Every structure is written in C-alpha cells, then in structure tokens.
Amino acid sequence: MSITDVLSADDIAAALQECQDPDTFEPQKFFQTSGLSKMSASQVKDVFRFIDNDQSGYLDEEELKFFLQRFESGARELTESETKSLMAAADNDGDGKIGADEFQEMVHS
C-alpha cells in the first residue's frame, strides 16, 4: 500500500509545502490540507498503519520524528519541539505513545 492509494499526491504536496520550514508543522492544518480530516475513522486507521513503521500498533517519538517522511520520502524530519507537541496532542492516556484510536481522535478533533 502506498499513502497515495488513500490520499491525493497533490494534497500531500500542498500539506508538506505548508510546513517545509522547521517549527511550522501544525497537525490540524496538515490533516485538513492533506485530506486526512475528511476521511472516515477506518480510513484514518489505515493511514495510521502506514505511518506505524515498525507495525507495533503505536507511534512513539522516534516514529513521529519521521512523520512527514511517511507521506513523502524527501520531506524533512519534525523538530524535537514539533515531535513532542504532536505526541502531547494525541497521547490521551499519557503512556508515551499514540495508538490508532488516539491518532484517529486527533485527526478528527
């Protein structure tokens, strides 16, 4: 599966363009521009599985650092503050990782 099987390549490019500079990544804006926020809960969970590089069922800070690169390999890494902010926005139970349900909740919030 490729991310472009579920999201438009043009929408992904536009979303990445908006946050190409360090410390400009805003999750909600990215989810809207990329089209993620318009997807059903099950479609968002499919995207989550694509982002979950080690297939652990969770996203940890190391995976979040490379979040944008899961959408396009040439994209930049998230900064440490962006990574921590993304974790804080989604980690509702405070276990230091983001599950599929938490990710889906964040995308649709």
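Start by selecting aspartate 91, which in this predicted model sits in the loop that runs between helix H5 (80-90) and strand S2 (98-99). With a relative accessible area of 14%, this aspartate is buried, because it falls under the 20% limit. If you display its surroundings and set aside the neighbours within four places in sequence, you will find aspartate 91 in contact with Gly96, Lys97, Ile98 and Glu102. A polar atom of the aspartate 91 side chain also lies 3.2 Å from the backbone nitrogen of glycine 94.

Next, select Asp91, Asp93, Asp95, Lys97 and Glu102 together, since these are the positions to which UniProt, in an unreviewed entry, assigns the feature "binding site". Within this group, aspartate 95 lies, like aspartate 91, in the loop between H5 and S2. Aspartate 95 is partly exposed, with a relative accessibility of 36%. Lysine 97, another residue of the annotated set, lies over the face of tyrosine 58, at 4.3 Å from the ring centre. For a second arrangement of a charge over a ring, show arginine 70, whose charged end sits over phenylalanine 50 at 4.9 Å from the centre of the ring.

Now turn to the charged pairs. Side chains of opposite charge can pair when their charged atoms come close, and a search of the whole structure finds five salt bridges. Select aspartate 101 and lysine 45, whose side chains meet in a salt bridge with an N to O distance of 2.6 Å. This pair links distant parts of the chain, with aspartate 101 in helix H6 (residues 100-107) and lysine 45 in helix H3 (residues 41-51), 56 residues apart. Aspartate 101 is partly exposed at a relative accessible area of 47%, and lysine 45 is likewise partly exposed, at 23%.

Move on to glutamate 61 and lysine 84, which form a salt bridge whose closest N and O atoms are 3.2 Å apart. Here too distant parts of the chain are linked, glutamate 61 belonging to helix H4 (residues 61-65) and lysine 84 to helix H5, 23 residues apart. Glutamate 61 counts as partly exposed at 33% relative accessibility, as does lysine 84 at 40%. Then select glutamate 82 with arginine 76: are these two residues buried or exposed? Both are buried, and they form a salt bridge in which the closest N and O atoms are 2.7 Å apart.

Finish with the aromatic rings, of which the structure holds 10 pairs. Phenylalanine 25 and phenylalanine 30 form a tilted pair, with 5.6 Å from centre to centre and 55° between the planes. Phenylalanine 25 is buried at 8% relative accessibility, and phenylalanine 30 is buried at 2%. Next, show phenylalanine 31 and phenylalanine 103, whose ring centres are 6.0 Å apart and whose planes stand at 80°, so that the pair is edge-to-face. Phenylalanine 31 lies in helix H2 (residues 27-34) and phenylalanine 103 in helix H6, so this pair ties together parts that are 72 residues apart in sequence. Phenylalanine 31 is buried at 0% relative accessibility, and phenylalanine 103 is buried at 1%. As a last selection, display Phe25, Phe30, Phe31, Phe48, Phe67, Phe71 and Phe103 together, which ring pairs link into a cluster.

How values were computed:
Residues numbered from 1 in each chain as written. Predicted model: local features only at pLDDT ≥ 70, side-chain atom pairs only at ≥ 80, totals over all residues. Heavy atoms only, no water. UniProt positions renumbered as here; feature names shortened; annotations may be inferred. Helix = DSSP H or I, 4+ residues; strand = E, 2+ residues; numbered from the N terminus. Buried < 20%, exposed > 50% of the residue type's maximum accessible area, 1.4 Å probe, protein only. Contact = heavy atoms within 4.5 Å. Polar contact = N/O pair within 3.5 Å; in protein donor to acceptor, adjacent residues only side chain to side chain. Salt bridge = Lys/Arg side-chain N within 4 Å of Asp/Glu carboxyl O. Phe/Tyr/Trp six-rings, centres within 6.5 Å; stacked < 30°, edge-to-face > 60°. Lys NZ or Arg CZ within 6 Å of the ring centre and 35° of its normal.
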